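Welcome! Please take a look at the sequence and the structure, and then read on for a short guided tour.

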There are 4 protein chains.
Amino acid sequence: MKVSIIGATGYVGAELLRILTAHPQAEIVHITSESHAGEVAAAVYPHLRGCCPLVLEPMAAAADIAADSEVLFVALPHGHAMKLGKAVAHLPLRIIDLGADYRFADPAVYAQWYGLPHEHGDAARVYGLAEWQREAIRTAKIIGNAGCYPTAGILALMPLVRAGLVQRGSIIIDAASGVSGAGRAATAANHFPELYDSFKAYGVAGHRHTPEIEQALSQLSGEEQVVSFTPHLLPMVRGILATCYAALRPGVSADEVDEAFTACYAGEPFIRLLGRNGYPATKAVRGSNFCDIGWHLDPRTGRVVVLSAIDNLVKGAAGQAVQNFNIACGFAEDTALDAIPLYP
Amino acid sequence: MKVSIIGATGYVGAELLRILTAHPQAEIVHITSESHAGEVAAAVYPHLRGCCPLVLEPMAAAADIAADSEVLFVALPHGHAMKLGKAVAHLPLRIIDLGADYRFADPAVYAQWYGLPHEHGDAARVYGLAEWQREAIRTAKIIGNAGCYPTAGILALMPLVRAGLVQRGSIIIDAASGVSGAGRAATAANHFPELYDSFKAYGVAGHRHTPEIEQALSQLSGEEQVVSFTPHLLPMVRGILATCYAALRPGVSADEVDEAFTACYAGEPFIRLLGRNGYPATKAVRGSNFCDIGWHLDPRTGRVVVLSAIDNLVKGAAGQAVQNFNIACGFAEDTALDAIPLYP
Amino acid sequence: MKVSIIGATGYVGAELLRILTAHPQAEIVHITSESHAGEVAAAVYPHLRGCCPLVLEPMAAAADIAADSEVLFVALPHGHAMKLGKAVAHLPLRIIDLGADYRFADPAVYAQWYGLPHEHGDAARVYGLAEWQREAIRTAKIIGNAGCYPTAGILALMPLVRAGLVQRGSIIIDAASGVSGAGRAATAANHFPELYDSFKAYGVAGHRHTPEIEQALSQLSGEEQVVSFTPHLLPMVRGILATCYAALRPGVSADEVDEAFTACYAGEPFIRLLGRNGYPATKAVRGSNFCDIGWHLDPRTGRVVVLSAIDNLVKGAAGQAVQNFNIACGFAEDTALDAIPLYP
Amino acid sequence: MKVSIIGATGYVGAELLRILTAHPQAEIVHITSESHAGEVAAAVYPHLRGCCPLVLEPMAAAADIAADSEVLFVALPHGHAMKLGKAVAHLPLRIIDLGADYRFADPAVYAQWYGLPHEHGDAARVYGLAEWQREAIRTAKIIGNAGCYPTAGILALMPLVRAGLVQRGSIIIDAASGVSGAGRAATAANHFPELYDSFKAYGVAGHRHTPEIEQALSQLSGEEQVVSFTPHLLPMVRGILATCYAALRPGVSADEVDEAFTACYAGEPFIRLLGRNGYPATKAVRGSNFCDIGWHLDPRTGRVVVLSAIDNLVKGAAGQAVQNFNIACGFAEDTALDAIPLYP
C-alpha cells in the first residue's frame with residue numbers, strides 16, 4: 001500500500017514515520033515538510049538516523065503526491081487538510097487527517113470553535129476513533145482521526161454514556177498532557193525552564209477539544225451533552241491522563257458500571273481495563289497504542305470517576321491513525337502497533 | 001521565643017528548620033528524630049551544612065522538650081501529636097501540629113477517616129488556616145495546621161462558598177501534588193524510576209483530606225457540603241495545583257464572582273489573585289508562602305473553575321505553620337516568610 | 001528456540017521480557033522471580049498487561065528450568081550466576097549472563113573488585129560485546145554480557161585504542177546514567193525527591209565497571225591500560241552518555257582518527273557514527289539498541305574527546321543480550337532489535 | 001546604596017531582582033529591558049507578583065540610569081557592557097558586569113574567543129571571583145563577575161593549583177549545567193520536548209568559558225595552563241556540577257591535598273568543604289550562594305578528582321554579583337545571601 005505523509009516533521013508526523021517504517025504492508029512513498037524540504041528526515045530527527053532514508057518534499061507537491069499515493073496521512077495544523085482534501089477529492093485515495101478539519105459532522109461547529117469557515121464541509125467523512133466507529137472506518141474515504149484529549153476522554157466515558165448510566169450535564173473531564181501535544185514549534189511558553197518542574201492548567205472553558213468530546217458523547221447518549229473540559233500541562237513529554245467525573249443516575253449499581261465497561265470493550269485490542277479501583281499511569285502505556293482505563297465509585301457523592309491513560313502521540317495521534325489505516329485497508333488491526341510500552 | 005520541632009527529619013520538619021533558622025524572633029532550642037537521634041541535622045540533610053548546628057534528640061525526650069519550649073511544632077505522622085498534646089496539656093506552651101490530629105472539630109470524623117479513636121478529642125483547638133481562622137489563631141493553645149491539599153482547595157473556594165454563590169453538592173476538587181507530599185520514606189511506589197516521566201491519580205473517593213475540606217466548606221457555607229476530591233501525583237517534588245469546579249447558583253454574575261475573591265482576600269499577605277482568566281503555576285510559588293489564585297467562568301456549563309497553586313511544603317505545611325506561629329505570637333505575619341519564589 | 005529468564009522482575013529482566021516477547025524465533029518458556037513467584041509478570045509490571053501471560057516461577061526452580069531451556073538469560077545480582085552456571089554446566093544449554101560473573105578473563109580481578117571468590121573461574125566464557133567479540137560469541141556456551149557503562153565506554157574508545165592512536169595512561173571516562181541502572185530496589189538514595197532535579201557523581205575511583213573497561217582496552221591495545229572512570233546519576237530513567245578523553249599520540253591526524261572509527265564500525269548494525277564534531281544525545285537512542293558516537297579533536301590540548309550514547313537497559317543490558325543471542329543462534333543480528341528510538 | 005539593573009528580564013537579571021529586593025542596604029532605582037520596556041517586572045515574571053513594583057525602562061536610558069545610580073549591575077549578552085562601561089567611564093559609579101566583557105586581563109584573548117574587538121580594553125577591572133580576588137574587589141570600579149562554569153571549575157581547582165600540587169597540562173574539567181544557563185530566549189534547541197529526559201554534551205573543545213578558566217588557573221599556578229573543558233546540558237533548570245581531573249605531582253600525599261583545601265577556604269562564607277570522598281549534589285545548593293566541594297584520590301591513576309556544585313544562577317551569576325557588591329560596598333559579605341538551599 002503506497003502511503004505518504006503530508007507534514008512529516010512535526011512530532012505527530014515523525015511518530016507516523018516511526019510507526020509506518022515498521023509496517024510490513026505500507027510503503028512510504030512521499031513525505032513533506034514546510035521548513036525542511038530537500039533534507040532527509042534523519043537530518044531533522046536524530047532518532048531516525050539509519051532508519052529512514054526518505055527525503056522531505058515541499059508542501060507544494062502535496063497534490064502530486066496524492067496522485068501517487070493510495071493513502072494520505074495529513075499531519076498539519078487545522079485549516080490545511082480541508083483545502084488539500086477538496087483539491088484531491090477526485091482521486092481514488094484515502095485520507096487520514098490527524099488534524100481537526102474532518103472531525104466534526106457539523107461544519108458550523110468547526111467554524112465556531114476554530115474561527116474559520118469549513119471549505120470542504122460537504123465531504124463524506126468518518127470520525128476516526130476505532131472503538132466507536134470501526135465499521136464506518138472500514139469503508140471511509142476521509143477519516144478525521146480523533147484528537148488526543150478526546151480519545152482519552154471519550155474512551156473513558158463511552159461505556160457509561162452509551163449505556164445511559166450517567167446524568168446529563170454532570171460530566172467533567174479534567175486532563176493533563178505531556179508537552180509534545182503542543183507541537184514542535186519553540187515558543188516562550190514551551191521553553192524548557194518555564195515548564196520544567198511546574199504544573200498549570202490552560203484553555204479552561206474554551207479548549208477546542210471540547211466540542212469534539214461533546215459531539216461524541218451526545219451521539220453516544222442520544223441527548224445533547226455539555227461538558228466541562230480542563231486541560232493541564234505536565235512537566236513531561238508524552239502521555240495524557242484523563243480524570244472524568246459523572247453523576248450516576250439514581251439506582252445504578254456498581255455491577256452495572258463494571259458490566260458497561262467489559263461489554264463495551266470486549267475484544268478490543270488496545271483497551272486494557274484495569275477494573276474497578278484501577279489506576280492507570282501514563283508511564284505504563286508510553287510508546288504503545290494502549291488506552292488503560294480504571295473506574296471508581298463514590299457512594300458519598302453519587303459520582304463515578306473514570307481514569308484513562310494514553311500516549312498522546314500514539315493512541316492520541318499517529319498510532320490511532322495507523323489503527324484506522326489498518327482497519328480501512330483490511331489489515332490486522334494491530335499491525336505495526338504491537339509494541340509493548342517502554343517501561344520504566 | 002523558644003521553639004522546638006518534634007519530628008525534624010521528615011521533609012516538613014526539615015522545611016520548618018529551613019524557615020525557622022531565619023526567623024529573627026524564634027530560637028530553635030530542640031529538634032527530635034525517630035531515626036537519627038544523636039546526629040546533627042546537617043548530617044541528615046546536606047542542604048543544612050553550615051546552616052544549622054543543632055543535634056537531633058530522641059523522640060522520648062519530647063515531654064521534657066515541651067517543658068523547655070514556648071512553642072512546639074509537631075511534624076509527625078497522625079496519631080502521635082494527640083498523645084503528646086495530651087501528655088503536655090498542663091504546660092503553658094503553644095502547640096502547632098502539622099499532622100491531622102487537631103484538624104477536626106468532631107473527633108468522630110477523625111476516627112472514621114483515620115481509623116483510630118481520638119485520644120485528645122476534648123482539647124480546645126483551632127484549624128490553622130490563617131485566611132479563615134486568623135482571629136482564633138491569635139489566642140489558640142493548640143493549632144491544627146491545615147493539610148496541603150485542603151489549603152489549596154479551601155483557599156480556592158472559600159470566597160465563593162462564603163458568599164453563597166455556588167450550588168450545594170456541585171463541588172469537585174481535582175488536584176495534583178509533587179512527590180514530597182508523600183514524605184521521606186523510600187517505598188517501591190515512590191522509587192524514582194516508577195514516578196519519573198509519569199502521571200497518575202491515587203486515593204480516588206477516599207483520600208483523608210476529603211473530610212477536612214468538607215468540614216471547612218460546610219462551616220463556611222452554613223450547609224453540609226459533600227465534595228469529590230481526586231489527588232494526583234506529579235513527576236516533580238514541590239507544588240500543588242488545585243482545579244476546583246462548582247456550579248454557580250442561577251443568576252450569579254461574573255462581577256459577583258470577581259468581587260467575592262477581592263473582598264475575601266483584601267489585605268491578605270500571602271494570597272495573590274491573578275484575577276478572572278488567570279492561570280497560576282506551581283513554579284511561580286515555589287519556595288514561597290504564596291497561594292496564587294485565578295478563576296474562570298464557563299457560561300456553557302454554568303460552572304466556575306477556580307485554580308490555586310501553592311508550594312505544598314511551605315504554604316501547604318511549614319510556611320503556614322510559621323504564619324500561624326507569627327499570628328499567635330503577635331509578630332508581623334510575614335516574618336521569615338517573605339522569600340520571593342525561586343524561579344525558573 | 002526455548003529461552004528462559006532467571007530474574008525477570010528487575011528492570012533488566014523486564015526489558016528482556018519486553019524484547020523477547022516480540023522475538024519471532026524465541027519462545028519464552030520460564031521466567032523466575034525471587035519476590036514475586038506465583039504471580040503473572042503483568043501483575044508486577046503494569047506495562048506488560050495484555051502482552052505477557054507468563055507466570056513467575058521461584059528461583060529454586062532455576063536448575064530444572066535450565067534443563068528445559070536451550071538458552072538461559074540470567075539477570076541477577078553478581079554472585080548468583082556463577083553458582084547457577086556451575087550447577088548446570090553439564091547441560092547442553094547456552095547461558096547469557098547479564099551480571100558481572102562471567103565478564104572477567106581473570107577470576108582474581110573479579111574477586112578483587114567484587115569482594116568474593118569466583119566459583120566458576122575455569123568456565124569457558126566470552127565477553128558479550130558483539131562489536132568486539134562477535135566471532136567468539138557465535139560458538140560460546142557462556143556469554144558474559146558487557147556492563148552498561150563499559151558498553152558505552154569501550155565502544156567509544158575501541159577504534160582509537162585498537163588503532164594505537166592514543167597515549168597509554170591518558171584515558172578518562174566521565175559518564176552519566178539514568179536511575180534505572182541502579183535497579184528496582186527502593187532505597188533512600190533513589191527516593192524520588194532526592195534525585196529529581198539534581199545531579200551528582202558517585203563511585204569515584206572505585207566503581208566496579210572500571211576493571212571491565214580496563215580489561216577491554218588493555219586487550220584491544222595490547223598494553224595494560226589504567227583508566228579513570230567517573231559515573232554520575234542523571235535525574236532521568238534511561239540513557240548513558242560517556243564523555244571519553246584521551247591524549248593522541250604525537251602526529252596523529254584528524255583523518256586518521258576519522259578513519260579509525262569508520263573502519264572499525266563498517267557494517268555494524270547498531271553503531272551510528274555521527275562523525276567528527278557530532279553530538280549524541282541519550283534521547284535519540286531511547287528504547288533502541290543503537291550506540292551513537294561522535295568525536296572531537298582539541299588541537300590546543302592534544303586530546304580527542306569521544307562521546308557515546310546508549311539506552312542502558314537496551315544496548316547496555318537486555319538489547320545487547322538479545323543481540324548476543326541472535327549471533328549465537330545464527331539469527332539475523334537485529335531480530336527483535338530493529339525498533340526505532342522513541343522520540344521525543 | 002542606589003543600584004540599577006541593566007537587563008533585568010533575562011534569567012540572571014530576574015535573579016538579581018529576587019536577591020536585591022531583599023537586600024537591606026540596596027535600593028533598586030532602575031531596571032531595564034530590551035523587549036519589555038514599560039511593563040512592570042511582575043508582568044514578565046509571575047513569581048515577582050506582589051514582590052516588585054518596579055517598571056522596566058528602555059535600554060536607551062542606560063546612560064541616564066548610570067548617572068542616577070551608585071552601582072550598576074549589567075546582565076546583558078557579551079559585547080554590550082563594554083560599550084556602556086566606556087560611555088559612563090567618567091561617572092563615579094561601580095559597574096558589576098555579569099557578562100564576559102570585563103573578565104579577561106588580555107583584550108586579545110577576549111577578541112579571539114568572542115569574535116569581536118574589545119572596545120574598553122584599557123579599563124581597570126577586576127575578575128569577580130571573591131574567593132580569589134576579594135582584596136581587589138574591595139576597591140574595584142569595574143568588576144567582571146566570574147562565569148558560571150568558571151566559578152565551579154576554578155573553585156574546585158584553586159586550592160590544588162595554587163599549592164602547586166598538580167601537573168601542568170593534566171587538567172580536565174567535565175561539567176554539566178541546568179538549562180537556565182542557556183538563557184531565556186526560546187529556541188528549537190531548548191524546546192521542552194527536545195531536552196526533557198535527555199543528556200548531551202555541547203561546545204566540546206571550544207566553549208568560551210575555557211579561556212576564562214585557563215586565565216585563572218595560569219595566574220594561580222604561575223605557569224600557563226591549557227585545559228580541556230566539556231560542558232553538558234542537564235534535563236533540569238538550575239545547578240552546575242563540575243567534575244575536575246588532574247594528575248598529582250609525584251609524591252603528593254593525601255594529607256597535602258586535604259590541607260590545600262582547608263587552608264585555601266578557611267573562613268570562606270560560601271564554600272562548604274565536604275572533605276575527602278565527599279559528593280556534592282546540585283540539589284543541596286539550589287537557590288543558595290554556596291559552592292560545595294569534595295575530592296577523591298585515585299592511587300591507581302595518580303589523579304585527584306575534585307567535584308564542585310553550585311546554583312548557576314546564584315553563585316554562578318546573580319548571587320556572586322551581590323557577593324562582590326557586598327565586598328565592594330563594605331557590607332557583610334553574606335547580606336541578602338544567607339538563604340538556606342531549597343531542598344528537596
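Let us begin with a single residue: Ile31(B) is buried, with 28 other C-beta atoms within 10 Å. Here a residue is buried if 20 or more other C-beta atoms lie within 10 Å of its own, exposed if 12 or fewer, and partly exposed in between, with C-beta atoms placed from the backbone. Before going further, please note that this is a predicted model, in which local features need pLDDT of at least 70 and side-chain atom pairs count only at pLDDT 80 or more, while totals for chains, interfaces and linings use all residues. Residues are numbered from 1 along each chain as its sequence is written, and chains are lettered from A and ligands numbered from 1 in the order in which they are written.

Ile31(B) is found in strand β2 (residues 27–32) of chain B. Helices (H or I, at least four residues) and strands (E, at least two) are DSSP runs, numbered from the N terminus. Not counting residues up to four places away in sequence, Ile31(B) touches eight-listed partners including Ser4(B), Leu17(B), Ala41(B) and Glu57(B). Two residues are in contact if their C-beta atoms, placed from the backbone, lie within 7 Å.Next come the meetings between chains and between domains. Chain A is divided into domain 1 (2–123) and domain 2 (149–312), with bounds from an automatic or database domain assignment. The C-alpha centres of these two domains lie 27 Å apart.

| Contact | Residues from each side |
|---|---|
| Domain 1 and domain 2 of chain A | 9 residues from domain 1, 7 residues from domain 2 |
| Chain C and chain B | 15 residues from chain C, 15 residues from chain B |
| Chain B and chain A | 37 residues from chain B, 37 residues from chain A |

By class, the side of chain B that touches chain A has 21 nonpolar, 8 polar and 8 charged residues. Ala, Val, Leu, Ile, Met, Phe, Trp, Tyr, Cys and Pro count as nonpolar, Asp, Glu, Lys and Arg as charged, and the others, Gly among them, as polar. On the side of chain C that touches chain B, the residues divide into 10 nonpolar, 4 polar and 1 charged.

Finally, visit chain C. The axes of helix α7 (residues 148–162) and helix α11 (residues 314–329) of chain C come within 8 Å and cross at roughly 100°, which means that α7(C) is roughly perpendicular to α11(C). Roughly perpendicular covers 65 to 115 degrees, whereas angles under 35 count as roughly parallel, over 145 as roughly antiparallel and the rest as oblique. Axes are lines fitted to C-alpha atoms, for helices over the stretch in contact, and angles run from 0 to 180 degrees between N-to-C directions.
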